[in-house]
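Please read the paragraphs below alongside the sequence and the 3D view. They go through the strands, then the charged pairs, then the surface and the backbone.

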Amino acid sequence: MIGRDHERDAAARFLDRVPDGPVGLVIEGEAGIGKTTVWLEALREARARGYRALKAGPAEGERDLSFAALADLLGDAMADVADALPQPQRDALDAALLRRSADESVDPRTTGTGVVSVLTTLAVERPVFVAIDDAQWLDRASERALEFAARRLPNRFGIVVARRSDGDSPAPLGLDRALPADAIEHLVLGPLSLAALHHLVERAGLRLSRPMLARVTEVSGGERLLRPRDRSRCRRRDNRGWPG
Ligand SMILES: Nc1ncnc2c1ncn2[C@@H]1O[C@H](COP(=O)(O)OP(=O)(O)OP(=O)(O)O)[C@@H](O)[C@H]1O
Ligand SMILES: [Mg+2]
C-alpha cells in the first residue's frame, strides 16, 4: 500500500484495541478510492498479530443469495467450534452454510445466536478479527444475522467493515448503536496525496511529465482539487450516527 499513512496509523490503533474489545472500524469512501487496499492492510496486520481472522467480501451479484457472506465468514471456523455449539444453533448454522438440508425454516434468532456462539468460542482462545469488505452487497440474511450478533459481541473482538458510501449514512450492521461511541471509528477515505500518486505512477514503471502527472492527479480527484475538509479524515460518531 502506497501512502495512506493516516489510515495505516488509524488501523494500527484500532488493532491495538482489539484485545480490549469489542471495537469496530468502518472504512468508507467512493468507488475505487482505495477501501479494499486499506481493509486488506488491516487484515494482513491482524493476522501478523496472531488474531483469529474471519473474512467475507460479497460480490454485487450475491446480494440475493441467502447467507452467502455468512458462509464465507464462518466456513473455515465452523470445523473448530462446531462441537462446542448447542445442537439447535449448530443445526441452524449448518443449514445456513448449506451443510445440511433444513427440514423447516430456521428461526433467524437461532442463526444469530449461533453466530454469537461461534465468535464467543473463538475469542476464548485469541482475539478475533472479523473483516467484511463491500458491505453494500451483503445479502439480507447474512446482514440480519450479523446485526443480531453485533449487539452481543464478545470481548477480545474487533470488526472492520468497508463499504461504498459518502460517509454520511449510519454505520453498517447497526454498529453505531451496538457499540459505545468510543468503541467505533469511521475512516472516510479521500484521494491519495500527490506524493503517493507520484509514487504509484513510478511503481507502474511510467515516466510522466509534470503536466501529465498534474492531469492524472486531476482526473483521479487528487490532492490539488481538494479542499481541506475533503481530505482523508478519521472521526468518531455518537450513538445516533451523527459526527461527534
Ligand atoms: N494506497 C494504494 N497503494 C497502491 N495501490 C492502491 C492504493 N489504493 C488503491 N490502489 C489500487 O487502486 C485500485 C482500486 O483500489 P481498491 O480496490 O482498494 O478501491 P475500492 O475503494 O475498494 O474500490 P471499490 O469501491 O470498487 O470496492 C486497486 O487496483 C488498488 O490496488
Ligand atoms: Mg473494494
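How many bridges join strand 1 to strand 5? Five bridges join these two strands, and the strands run parallel. This is a predicted model, in which local features need pLDDT of at least 70 and side-chain atom pairs count only at pLDDT 80 or more, while totals for chains, interfaces and linings use all residues. Residues are numbered from 1 along each chain as its sequence is written, chains are lettered from A and ligands numbered from 1 in the order in which they are written, and side-chain values use heavy atoms, with hydrogens and water left out.

Helices (H or I, at least four residues) and strands (E, at least two) are DSSP runs, numbered from the N terminus. Two strands pair if DSSP finds at least two bridges between them. In the pairing of strand 1 with strand 5, Glu28 has Val188 of strand 5 as its bridge partner. A second parallel pairing brings together strand 2 and strand 3 (residues 128-132), again over five bridges. There, Ala56 stands opposite Ile132 of strand 3.

How the strands are covered can be described with three words: buried means under 20% relative accessible area, exposed over 50%, and partly exposed in between (1.4 Å probe, protein chains only). Four of the five residues of strand 2 (residues 52-56) are buried, so this strand is largely enclosed by the rest of the structure. In strand 5, five of the five residues are buried, so strand 5 is also largely enclosed by the rest of the structure. Ile184, His186 and Val188 point one way from strand 5, whereas Glu185 and Leu187 point the other way.

The charged side chains come next. A salt bridge is a side-chain nitrogen of Lys or Arg within 4 Å of a carboxyl oxygen of Asp or Glu. A search of the whole structure finds twelve salt bridges. One of them joins Glu185 and Arg13, with the closest N and O atoms 3.9 Å apart. This pair links distant parts of the chain, since Glu185 is in strand 5 (residues 184-188) and Arg13 is in helix 1 (residues 5-17), 172 residues apart. Glu185 has a relative accessible area of 8% and is therefore buried, while Arg13, at 42%, counts as partly exposed.

Glu28, already met in strand 1, forms a salt bridge with Arg163 at 2.7 Å, N to O. Glu28 lies in strand 1 (residues 23-29) and Arg163 in strand 4 (residues 157-164), so the pair ties together parts that are 135 residues apart in sequence. Both Glu28 and Arg163 are buried.

The salt bridge between Arg44 and Glu41 (2.9 Å, N to O) lies within one element. Both residues are in helix 2 (residues 35-48), three residues apart, which is about one turn of the helix. Arg44 is partly exposed at 46% relative accessibility, and Glu41 is buried at 14%. Salt bridges that share partners join Arg8, Glu41 and Arg44 into one network.

Which residues gather in a patch of positive charge on the surface? They are Arg109, Arg151, Arg152 and Arg177. Patches are made of residues with over 30% relative accessible area and no salt bridge; like charges are joined within 9 Å, and nonpolar side chains (Val, Leu, Ile, Met, Phe, Trp, Tyr) within 5 Å. Lys and Arg count as positive and Asp and Glu as negative, while His and the chain ends are not counted. The place of a charge is taken as NZ of Lys, CZ of Arg, CG of Asp or CD of Glu. Arg177 lies in helix 7 (residues 175-178) and is exposed, with a relative accessible area of 63%.

A nonpolar patch on the surface is formed by Leu206, Leu208 and Met212, with about 250 Å² of accessible area together. Accessible areas come from the Shrake-Rupley method with a 1.4 Å probe; for residues, only the protein chains shown count as cover. Leu208 lies in the loop between helix 8 (194-203) and helix 9 (210-219), and at 33% relative accessibility counts as partly exposed.

The backbone remains. Most residues other than glycine have a negative phi, and most peptide bonds are trans. A cis peptide bond joins Gly21 and Pro22, with omega about 20°, and Pro22 is found in the loop between helix 1 and strand 1. Arg4, in the segment before helix 1, has a positive phi near 60° and is buried at 10% relative accessibility. Leu173 has a positive phi near 60°, lies in the loop between strand 4 and helix 7, and is buried at 4%.
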